Amino acid sequence: MTKKEEKKVTRKRKTTKKKKEEFSNDAFMLSMLLAVTCVLATSLKAYEFTLFNHTLTFSLLVLPIIVFISNYITKKQGFKNSLYSIIISTLMIITFLLLIENLTNQKANVMEILGYSISCFVSLFINLAIYYYILINMSSKSIMIGINYIFIMILNSFLNLIFFHELALTNDFWAEFTIAIIIQIIMSTILVYLDMKIERGIEK
């Protein structure tokens with residue numbers, strides 16, 4: 001191998017190493033972004049607003065954004081990194097809830113911690129599996145991604161119903177549920193449009 005060829009090989013290796021480092025940094029930052037957004041959604045469950053004489057939590061406005069960030073990670077960083085980010089987000093929620101209860105000198109509410117962490121993990125993992133399948137196997141993606149958004153919103157609502165309301169349906173439940181889903185569908189429509197503008201990164 002000549003000196004010129006050696007220089008080319010060395011330069012190529014440096015470029016590859018630099019790209020790997022940038023990719024790793026991006027993956028970490030995106031994972032932290034998803035985790036922080038999930039913690040934000042958890043904390044906003046305690047804050048409510050009134051719409052059409054029905055009480056809704058501010059966290060419902062964050063859920064479509066969480067799904068969008070998770071999908072962005074899947075599209076740009078691949079299935080494995082997206083799964084890691086979901087696990088990190090779930091652990092961050094558990095840590096956040098334990099920290100809050102410790103700071104307020106409250107006894108740890110196991111059902112609350114399990115409810116928030118399991119609903120987060122299950123919703124995002126199912127979203128990851130469906131979204132990844134859509135990316136690989138379907139040509140007309142926008143409609144299916146939109147349907148997936150709606151499905152995940154409904155799934156998350158019913159997981160919350162199981163853990164926090166013990167399957168007790170109040171008189172206002174279906175009205176509040178319908179209003180929340182309509183708001184999330186409107187948000188999801190915009191996010192699906194943005195999703196279609198994002199170029200695919202790695203495929204694994």
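**Exercises: cores, helices and cysteines**

**Exercise A.** Find the residues in contact with Ile-145, leaving aside its neighbours within four places in sequence.

*Solution.* Apply the cut-off: contact means heavy atoms within 4.5 Å. Ile-145 then touches Tyr-131, Ile-134, Val-192, Asp-195 and Met-196. Before going on, note the ground rules. This is a predicted model, where local features need pLDDT of at least 70 and side-chain atom pairs count only at pLDDT 80 or more, while totals for chains, interfaces and linings use all residues. Residues are numbered from 1 along each chain as its sequence is written, and side-chain values use heavy atoms, with hydrogens and water left out.

**Exercise B.** Lay out the secondary structure of the protein along the sequence.

*Solution.* Start with the elements, which are DSSP runs numbered from the N terminus: helices are H or I with at least four residues, strands are E with at least two. The protein has 6 helices and 2 strands. Their order reads α-β-β-α-α-α-α-α. Now turn to the strands, which pair if DSSP finds at least two bridges between them. Strand 1 (residues 48-51) runs antiparallel to strand 2, with 4 bridges joining them. One landmark is Glu-48, opposite Thr-57 in strand 2. The hairpin leaves 2 residues between the strands, and Phe-52 in its turn has a positive phi of about 55°. Finish with the faces of strand 2 (residues 54-57): His-54 and Leu-56 lie on the covered one, Thr-55 and Thr-57 on the uncovered one.

**Exercise C.** Which members of the largest nonpolar core touch the most other members?

*Solution.* First, the term: a nonpolar core is a set of buried Ala, Val, Leu, Ile, Met, Phe, Trp, Tyr and Cys residues joined through side-chain atoms within 4.5 Å. Buried means under 20% relative accessible area, exposed over 50%, and partly exposed in between (1.4 Å probe, protein chains only). The largest core holds 19 residues, and the best-connected are Val-67, Phe-68, Ile-145, Tyr-149 and Met-153. Next, find the sources. Two or more residues each come from helix 2 (63-77), helix 4 (110-137), helix 5 (141-164) and helix 6 (173-197). Helix 5 gives the largest share, 7 residues. A second, separate core has 18 residues, including Leu-30, Val-62, Ile-86 and Ile-93. As a rule, nonpolar side chains in soluble globular proteins tend to be buried together.

**Exercise D.** Is Met-144 buried, partly exposed or exposed?

*Solution.* Locate the residue: Met-144 sits in helix 5. Its relative accessible area is 31%, so Met-144 is partly exposed. Leaving aside neighbours within four places in sequence, Met-144 contacts Ile-134 and Met-138. Ile-134 is also among the contacts of Ile-145. Then check a distance across the chain: the C-alpha atoms of Met-144 and Val-192, 48 residues apart in sequence, are separated by 9.8 Å.

**Exercise E.** Test the length of helix 2 against its residue count.

*Solution.* The expected span is 1.5 Å times one less than the number of residues. For the 15 residues of helix 2 that gives 21 Å, and the end C-alpha atoms are 21 Å apart, so the two agree. Now its cover: 12 of those 15 residues are buried. Among them are Val-67, Phe-68, Ser-70, Ile-73 and Thr-74. Just after the helix comes Gly-78, with a positive phi near 100°.

**Exercise F.** Where is Ser-82, and which residues does it contact beyond four places in sequence?

*Solution.* Ser-82 belongs to helix 3 (residues 79-103). Its relative accessibility is 0%, so Ser-82 counts as buried. Its contacts beyond four places in sequence are Ser-70, Ile-73, Thr-74 and Leu-128. Ser-70, Ile-73 and Thr-74 are buried residues of helix 2.

**Exercise G.** Why do Cys-38 and Cys-120 not form a bond?

*Solution.* Set the cut-off: a disulfide is a pair of cysteine sulfur atoms within 2.5 Å. The sulfur of Cys-38 has its closest cysteine sulfur in Cys-120, at 3.9 Å, so the gap is too far for a bond. The structure holds 0 disulfides. Cys-38 is buried, with a relative accessible area of 3%. Cys-120 is buried too, at 9%.

**Exercise H.** How much of the protein counts as buried?

*Solution.* Of its 204 residues, 38% are buried. Among contacts with a separation of 6 or more, 74% join residues 24 or more positions apart.
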